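This report describes local features of helix packing and backbone geometry in one protein chain. The sequence and the structure are shown first.

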Amino acid sequence: MDTVALIACRDYRQDEVDRALTQALEKLGGLGNWIKPGMRVVIKANLLLPKHPQAAATTHPAVIHALVRAVQAAGAQPLIADCPGGPDNRAYLKHVYEACGMADVARQTGAELMLDTHAVERPLPAGSAMKTLLQAAYISQADAVITVGKLKTHGLAAMTGCVKNLYGTVPGVTKADYHYRLGEIKDFAGLLLDIERDVRPVLSVLDAVIGMEGAGPSNGTPRPIGALVVGQNAHAVDDVGARLIGYRRADVPTLALAQQRGLIGEYTVVGQRVEDLAVPDFKRVTPAGDARLLKKLPRPVHAAVRKLICPHPVFHYDACVGCGACIKNCPPKALEARADKKPRLRAADCIACFCCQELCPRGAITIKRGPIR
């Protein structure tokens with residue numbers, strides 16, 4: 001039976017995070033179970049956008065710092081890495097690392113920052129959604145991977161955690177292509193599970209000290225939860241995270257599918273009880289899978305129904321600066337630029353993936369259910 005360590009962590013003071021991580025690893029038998037001297041270990045953070053840690057959109061640097069020190073103490077070489085949304089180039093990656101606090105961690109600890117943006121085509125012979133995958137080359141070059149998720153709501157996937165975090169091993173622009181090719185949430189969840197099985201993280205760490213509620217995963221509201229969740233089974237770790245913010249397993253597409261596939265069942269929670277740290281009034285979201293299923297309807301019918309009942313992005317033009325990030329990253333190209341460079345939605349083409357809302361640097365896009373005006 002899998003074991004998940006749930007440890008109270010009141011804030012991001014480094015000594016507090018160090019204590020919580022050390023306690024979690026001790027309860028799991030020690031990092032030496034998975035990390036050996038001389039290993040090259042990828043610490044895969046969630047660095048969605050170049051946002052300051054206080055925004056709660058990315059893995060906090062204090063958690064990465066604690067993990068780097070733990071990996072170094074085990075005699076291994078830590079490598080901090082991610083493929084954020086946006087351009088696949090070294091300059092943008094450096095900008096993200098600086099903004100999210102990862103560059104500071106590297107300077108303080110001597111850990112390496114992954115700046116190589118090369119990708120390789122990997123076979124997924126047992127994949128349920130796709131049989132090949134374009135993936136960051138550093139994954140196949142690592143001896144071990146630790147996925148370090150951030151507990152947040154997510155308009156498409158209900159929540160994001162350690163499994164969803166591994167979608168960040170796919171290069172930025174390719175993410176949009178996969179969203180478009182996998183038109184239903186169950187198919188997309190299947191790809192996420194296939195990626196997790198391919199990467200095989202040796203450890204999963206969920207930053208739930210301060211999560212994000214409401215309009216996650218990038219423009220919601222920071223919400224204190226006060227927990228660090230650690231385990232070997234990424235699905236079980238995510239399940240504990242879901243319980244902390246009031247989701248049932250059936251509410252989260254990746255967890256529901258993981259249960260169907262036998263990847264998650266009963267597990268033991270050590271440390272604190274979930275009930276003692278849960279946030280009952282956490283503002284959750286409902287996945288938008290119903291909008292994607294409507295794509296099977298004839299185009300005129302789909303367009304009419306979608307305008308009436310389905311979730312869709314709403315653009316707040318007073319906050320929009322016309323940067324074009326939403327237009328560039330829209331998988332079905334359902335957005336077009338107005339004369340002032342701000343976006344206009346073609347509702348019939350929208351697949352409700354909400355990449356536009358996720359990657360808006362200004363928080364100028366929200367998701368609304370109901371008539372499109």
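What follows covers two helix pairs, the buried faces of two helices, and a few backbone features.

The model is predicted.

**Helices H3 and H4**

Helix H3 spans residues 90–100 and helix H4 spans residues 102–109; their axes are 4 Å apart and the packing angle is about 80 degrees. H3 and H4 are therefore roughly perpendicular to each other, since angles of 65 to 115 degrees are classed that way. On the H3 side the contact involves Tyr 97, Glu 98 and Cys 100, and on the H4 side Met 102, Ala 103 and Arg 107. By class, four of these contact residues are nonpolar, two are charged and no polar residue takes part.

At the N-terminal end of H3, Asn 89 acts as a cap, with a side-chain oxygen 3.3 Å from the backbone nitrogen of Ala 91. The buried residues of H3 are Tyr 92, Leu 93, Val 96, Tyr 97 and Cys 100. Their arc around the axis is only 140 degrees, so they lie on the same side of H3. These buried residues of H3 pack against H2, E3, H4 and E4.

In H4 the buried residues are Met 102, Ala 103, Val 105, Ala 106 and Thr 109. They cover an arc of only 160 degrees around the axis, so these residues are on the same side of H4. Their cover includes helix H2 (61–73), strand E3 (77–81), H3 and strand E4 (112–113).

**Thr 109**

Is Thr 109 buried or exposed? Thr 109, which belongs to helix H4, has a relative accessibility of 10% and so counts as buried, the limit being under 20%. The side chain of Thr 109 reaches the backbone nitrogen of Ala 111 at 3.2 Å. Apart from neighbours within four places in sequence, Thr 109 is in contact with His 65, Val 68, Arg 69 and Gln 72.

**Helices H8 and H10**

Helix H8 (residues 185–199) and helix H10 (residues 253–260) cross at roughly 70 degrees, and their axes come within 9 Å. This angle makes H8 roughly perpendicular to H10. H8 contributes Ile 185, Lys 186, Ala 189, Gly 190, Leu 192 and Leu 193 to the contact, and H10 contributes Pro 253, Thr 254, Leu 257, Ala 258 and Gln 260. The contact of H8 with H10 has seven nonpolar, three polar and one charged residues.

**Backbone features**

The table lists residues with positive phi.

| Residue | Phi | Place |
|---|---|---|
| Ala 56 | about 65 degrees | loop between strand E2 (40–45) and H2 |
| Gly 101 | about 90 degrees | just after H3 |
| Gly 110 | near 85 degrees | following H4 |
| Ala 158 | about 75 degrees | strand E8 (residues 158–160) |

Ala 56 has its positive phi although it is not a glycine, and Ala 158 likewise is not a glycine. Ala 56 counts as buried because its relative accessibility is 1%. Ala 158 is also buried, with a relative accessible area of 0%.

Which peptide bond is cis? The bond from Gly 216 to Pro 217 is cis, and its omega is near 15 degrees. Pro 217 is in the loop between strand E9 (203–213) and strand E10 (221–231).

Conventions. Residues numbered from 1 in each chain as written. Heavy atoms only, no water. Axes fitted to C-alpha atoms, helices over the stretch in contact; angles between N-to-C directions. Helix = DSSP H or I, 4+ residues; strand = E, 2+ residues; numbered from the N terminus. Parallel < 35°, antiparallel > 145°, perpendicular 65-115°, else oblique. Contact = heavy atoms within 4.5 Å. Nonpolar A, V, L, I, M, F, W, Y, C, P; charged D, E, K, R; others polar. Buried < 20%, exposed > 50% of the residue type's maximum accessible area, 1.4 Å probe, protein only. Arc of directions from axis to C-beta. Polar contact = N/O pair within 3.5 Å; in protein donor to acceptor, adjacent residues only side chain to side chain.
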